[in-house]
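Biologist: Could you take me through one part of this model slowly, strand by strand and helix by helix? I would like a close look at a single region before we glance at anything else.

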Amino acid sequence: MKPGARLQAAIEALEAIEAADRPADQVIADYLRKRRYIGSKDRRAISSLIYSVLRHRARLGWRLDHAGNTAAAPRLRVLADVVLRAAETVETLDRLCGAEPYGPAGLADCERDLLRILEGRGLDSPDQPTEVRLEIPEWLLPAFERAFGSDLEAELAALGDQASTDLRCNSLKADRAAARAALASEGIETEPTPLSPLGLRLSGRRAVQASQAFRDGLIEVQDEGSQVAALLCDAAPGMAVADVCAGAGGKTLALAATMAGQGRLLASDPDPRRLARAEARLKRAGAGFVECRVLAGAEARSDLHQAFDRVLVDAPCSGSGAWRRQPDARWRLTAAELSGYRASQRDALWRAAALVRPGGRLIYVTCSLLREENEDQAEAFLAAHEHFAPHRIADVWTRHLNGPCPAKGNCLTLTPAANGTDGFFVAVFDRRAEP
């Protein structure tokens, strides 16, 4: 594809994102799937353009507002983004637009004038409010200030970066060295992750899910932070373990591997469609011993009461820790949705507590960076459940993970700036043995 055609494809995809009530990555995938003639290099270039606009939404909007355009359409935001990042000049855009069969239409006089105002200015300005400069909705800024304090700017800057692609080696089929060698034989280069002993970090952007190593179940795509959370469950062969918010099964797969396929592992979720995706992944990974059950509320729980050594609650949440991967999600989240997540988290924790046998553990995980979904929930749970006590994260860390434990107190928060992972929160609670 020529540069103009890439610009037009990015504009069309961004228009589709704005028209759809779905995450941007899904809309982009659908757009590209319907255009199989677009090569891999062009797909990466188009996606990069789109994600740049999404990551720079607040600053782009501020720049356009101050240049005299208060309701910029996707076309103008794409053009403004490449000019502000100095990726293209207005003169170059004038040549690209209207000159190619599949490129954008020619620049209107008003567009050209506005882009000339922007040229050379860059995305940042000392006059931008904090929430604009840090690309965060104004209503959420106090929650992030509470979470990070003096580290606010560094953490939110890192949350706007592009995330790495991490892989978890499936120890049911291969160790890390063997999985890495298998990928290398296909020309896919990786490096070991610093925290997880099972992780590999992809060098560059490759379609790893098309690799033979992936098809054979040697690897799974899983952020290192998610791998850490699964390892902190301290699941072992022969245990009875439940993942009660299993979703599509990412952490269930990791638990199955640490259990070496031995014991009882229950994957449950109220959504049968998500659980169906988990079943397909478990089959490919060679984790046929996992039991999948659709459970909603207290349904069918009598046989599960105090039946498990480990119960993982990977709770529904804002997903703020994963905003590097879904930059549009920060703008779709509402205060009402956040309140709903908090109620769901409390409900999931309270229900899961009944499944933990005396002497067992309850593990609470979110991919959120907000204290309202993390420490506040952990403290409320302990205040209401006197038969549970916090378990020291560092004790588990030293047995399963690399390097010094970054946990402060009894809870662990991983962040993009401090740890190079997606944002994750983990709290572990011991159920006291009955006298």
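**Two helices and the strands between them**

Modeller: Happy to. Helix 14 passes helix 15 in a right-handed crossing. Please keep in mind that this is a predicted model. Two packed helices are described by the angle between their axes and the distance between the axes. For helix 14 and helix 15 the angle is about 30 degrees, and the axes are 10 Å apart. Angles under 35 degrees count as roughly parallel, and therefore helix 14 is described as roughly parallel to helix 15.

Now to the strand that links this pair. Strand 6 covers residues 264–269, and five of its six residues are buried, so the strand is largely enclosed by the rest of the structure. Strand 5, residues 240–243, pairs with strand 6 in the parallel sense, over four bridges. Within that pairing, valine 241 stands opposite leucine 265 of strand 6. To get from strand 5 to strand 6, the chain passes through helix 14, residues 250–258, and this β-α-β crossover is right-handed.

Strand 6 also pairs with strand 7, residues 291–294, again in the parallel sense and over four bridges. Here leucine 266 is the residue that stands opposite glutamate 291 in strand 7. The connection is a right-handed β-α-β unit made of strand 6, helix 15 (residues 272–285) and strand 7. As background for reading the two pairings, in a regular strand the side chains alternate between the two faces of the sheet.

Let me stay with helix 14 and what follows it. Threonine 258 has its place in helix 14. With a relative accessibility of 22%, threonine 258 counts as partly exposed, because buried would mean under 20%. If you want a long-range distance from this spot, threonine 258 and proline 137 are 39 Å apart in space, C-alpha to C-alpha, and 121 residues apart in sequence.

The loop between helix 14 and strand 6 holds alanine 260. Most residues other than glycine have a negative phi. Alanine 260, however, has a positive phi, near 55 degrees. Its relative accessible area is 39%, so alanine 260 is partly exposed.

Another alanine is worth setting beside that one. Alanine 86 is not a glycine either, and it has a positive phi of about 60 degrees. The loop that holds alanine 86 runs between helix 5 and helix 6, the latter at 90–96. At 64% relative accessibility, alanine 86 counts as exposed.

Helix 5 brings us to a second helix pair. The axes of helix 1 (residues 3–19) and helix 5 (residues 74–84) come within 8 Å and cross at roughly 130 degrees. That angle makes helix 1 oblique to helix 5. The crossing of helix 1 past helix 5 is right-handed.

For contrast with the parallel pairings of strand 6, have a look at an open sheet of four strands, in the order 2-3-1-4, with antiparallel pairing. Strand 2 (190–192) and strand 4 (219–221) stand at its edges, each with a single partner strand, so one side of each is left without a neighbour in the sheet. On average, neighbouring strands of this sheet are turned by 35 degrees against each other, direction ignored. Strand 2 pairs with strand 3, residues 199–202, in the antiparallel sense over three bridges. In that pairing, leucine 202 in strand 3 is the bridge partner of threonine 190.

Further along the chain, alanine 389 is found in strand 10, residues 388–390. Its relative accessibility is 17%, so alanine 389 counts as buried. Alanine 389 and arginine 431 are 42 residues apart in sequence, yet 6.6 Å apart in space, C-alpha to C-alpha.

Finally, a word on the cysteines. The count of disulfides comes to zero. Cysteine 97 is in no disulfide, and the nearest cysteine sulfur, that of cysteine 110, is 13 Å away. With 5% relative accessibility, cysteine 97 counts as buried. Cysteine 411 is in no disulfide either; the nearest cysteine sulfur belongs to cysteine 405 and is 11 Å away.

Conventions:
Residues are numbered from 1 along each chain as its sequence is written. This is a predicted model: local features need pLDDT of at least 70, side-chain atom pairs count only at pLDDT 80 or more; totals for chains, interfaces and linings use all residues. Side-chain values use heavy atoms; hydrogens and water are left out. Buried means under 20% relative accessible area, exposed over 50%, partly exposed in between (1.4 Å probe, protein chains only). Two strands pair if DSSP finds at least two bridges between them. A crossover is right-handed if, with the strands pointing away from the viewer, the path from the first strand over the helix to the second runs clockwise. A disulfide is a pair of cysteine sulfur atoms within 2.5 Å. Axes are lines fitted to C-alpha atoms, for helices over the stretch in contact, and angles run from 0 to 180 degrees between N-to-C directions. Angles under 35 degrees count as roughly parallel, over 145 as roughly antiparallel, 65 to 115 as roughly perpendicular and the rest as oblique. A crossing is left-handed if the near helix is turned anticlockwise from the far one by less than a right angle, and right-handed if clockwise.
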